[in-house]
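Okay, thanks for coming, everyone. I'll put the sequence and the structure up on the screen, and then we'll walk through it together.

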Amino acid sequence: MEEKVSCVFSLDFKEAREAFLVGQNYVNEAKEFFQVDGYVTDHIEIVQDHSALFKVLAFFEEDFERRCKMHKRRIDMLEPLYSGLNPQYYLLLCRQLQFELADTYYEMMDLKVAIGNKLEELDSHTVKKINSLAQMAMKFYELFLDSLRNPDKIFPETLEEDVLRPAMVAKFHIARLYGKLITADGKKQLENMQTSLEYYSFLVDYCEKHPDTAQAIETELELSKEMVGLLPARMERLKAKLSTFT
């Protein structure tokens, strides 16, 4: 292993790819031995390692389209595993996959937005892709958050320490995703802004009730407070604009 992978950190895509290929070879060997039938947990953890290899490799890729395709490879390997899991027996694994899938769709959405920003004008295909990726990210974040609810479907007033940061990050990302949805419908845009505000407000309110948790989500909390201050004024301006057309 030491002969194949340098102990020096990779500095560019070429060096990263060389390390990636060595890692991928070992991962594929492990997957052949630890088949999903009989080794469910081991197999999924190995696939998660494979996904992590693609995630790190994507960091070194400068072309956004190619980077997006690498993240799509992660989706393609993780989503079928998640679909076949019973949360009653594999709750922790389900949560891990829900969050990783959500984060991967979130990253792809950000990349598509960056690609769209380079265009003179957003075409309908790019708009649909951005919205689709945002909605898929929200779907998996919501699945993760739903897994934290009690049998009566009530979200906990106080989150356990091991899920506190993931839950708050999920809420924060959903708030941001609603703000990224593209629509020509002013009323729908207003609804999205209102929903976004509710998620940002959740973070702010939770940290006011549990001050000791603020340190765990310092950056997200600061940005949420900022958005809670900005969004109402933006919504009022949009309402005024819409009223002139009615």
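Let's start with the whole chain. Buried residues make up 42% of the 246 residues here. Keep in mind that this is a predicted model, and the values I'll quote are computed from it. If you lay a box along the principal axes, the C-alpha atoms fill roughly 70 × 50 × 35 Å.

What is the secondary structure of the chain made of? It comes to 8 helices and 0 strands. So if you read along the sequence, the pattern you get is α-α-α-α-α-α-α-α. I promise I didn't fall asleep on the keyboard.

Now, how do some of these helices sit against each other? Take helix α7, residues 186-209, and helix α8, residues 218-243. They pack at an angle of about 155°, and their axes are 9 Å apart. Angles over 145 degrees count as roughly antiparallel, so α7 is roughly antiparallel to α8. The crossing of those two is left-handed. And who is doing the touching? In the contact of α7 with α8 there are 15 nonpolar residues, 6 polar ones and 5 charged ones.

Next pair: α6 and α8. How do their axes cross? The angle is roughly 30°, and the axes come within 10 Å. The cut-off for roughly parallel is under 35 degrees, and therefore α6 and α8 are roughly parallel to each other. This crossing is left-handed too. So picture α8 with two neighbours: α7 runs roughly antiparallel to α8, and α6 runs roughly parallel to α8.

Hold on to those three helices, please, since they come back right away. Which elements give two or more residues to the lining of the second largest pocket? They are α6, which covers 161-180, along with α7 and α8. The volume of that pocket is about 230 Å³. There are 15 residues lining it, and the closest to its centre are Tyr178, Gly179, Lys180, Met193 and Leu231. Sorted by class, the lining has 7 nonpolar, 5 polar and 3 charged residues.

Okay, let's zoom in on single residues, and stay in α6 for a moment. Leu177 is found in this helix. Is Leu177 buried or exposed? Its relative accessible area is 0%, and buried means under 20%, so Leu177 counts as buried. Now look across to Gln135. Leu177 and Gln135 are 42 residues apart along the chain, yet their C-alpha atoms are separated by 7.9 Å.

Leu164 also lies in α6. With a relative accessible area of 10%, Leu164 is buried. Its partner for this talk is Tyr206: the two are 42 residues apart in sequence, and from C-alpha to C-alpha they are 11 Å apart in space.

Moving over to helix α5, we find Ser132 there. Ser132 has a relative accessible area of 35%, which makes it partly exposed. How far is the C-alpha atom of Ser132 from that of Met109? The answer is 8.4 Å, with their positions 23 residues apart along the chain.

Compare that with Glu45, in helix α2, residues 40-60. Glu45 is partly exposed, at 40% relative accessible area. Glu45 and Cys68 are 23 residues apart along the chain, and their C-alpha atoms are separated by 23 Å. Put the two pairs side by side on the screen: 8.4 Å for Ser132 and Met109, and 23 Å for Glu45 and Cys68.

One last residue, and this one is off the helices. Where is Lys153 found? It's in the loop between α5, residues 124-146, and α6. Is Lys153 buried or exposed? The relative accessible area of Lys153 is 65%, and exposed means over 50%, so Lys153 is exposed. Have a look at its backbone as well: phi of Lys153 is near 70°, a positive value in a residue other than glycine.

To wrap up, we have a chain of 8 helices and 0 strands, and a pocket lined in part by α6, α7 and α8. That's my tour, so feel free to spin the model around yourselves.

Notes
Residues are numbered from 1 along each chain as its sequence is written. This is a predicted model: local features need pLDDT of at least 70, side-chain atom pairs count only at pLDDT 80 or more; totals for chains, interfaces and linings use all residues. Side-chain values use heavy atoms; hydrogens and water are left out. Axes are lines fitted to C-alpha atoms, for helices over the stretch in contact, and angles run from 0 to 180 degrees between N-to-C directions. Helices (H or I, at least four residues) and strands (E, at least two) are DSSP runs, numbered from the N terminus. Angles under 35 degrees count as roughly parallel, over 145 as roughly antiparallel, 65 to 115 as roughly perpendicular and the rest as oblique. A crossing is left-handed if the near helix is turned anticlockwise from the far one by less than a right angle, and right-handed if clockwise. Ala, Val, Leu, Ile, Met, Phe, Trp, Tyr, Cys and Pro count as nonpolar, Asp, Glu, Lys and Arg as charged, and the others, Gly among them, as polar. On a 1 Å grid over the protein atoms alone, a cavity is a set of points where a 1.4 Å probe fits but cannot get out, and a pocket is an open set with protein on both sides within 12 Å along at least five of seven lines; lining residues have an atom within 4 Å of a point. Grid points are joined across faces, edges and corners, and a volume is the space filled by probe spheres set on the points. Buried means under 20% relative accessible area, exposed over 50%, partly exposed in between (1.4 Å probe, protein chains only).
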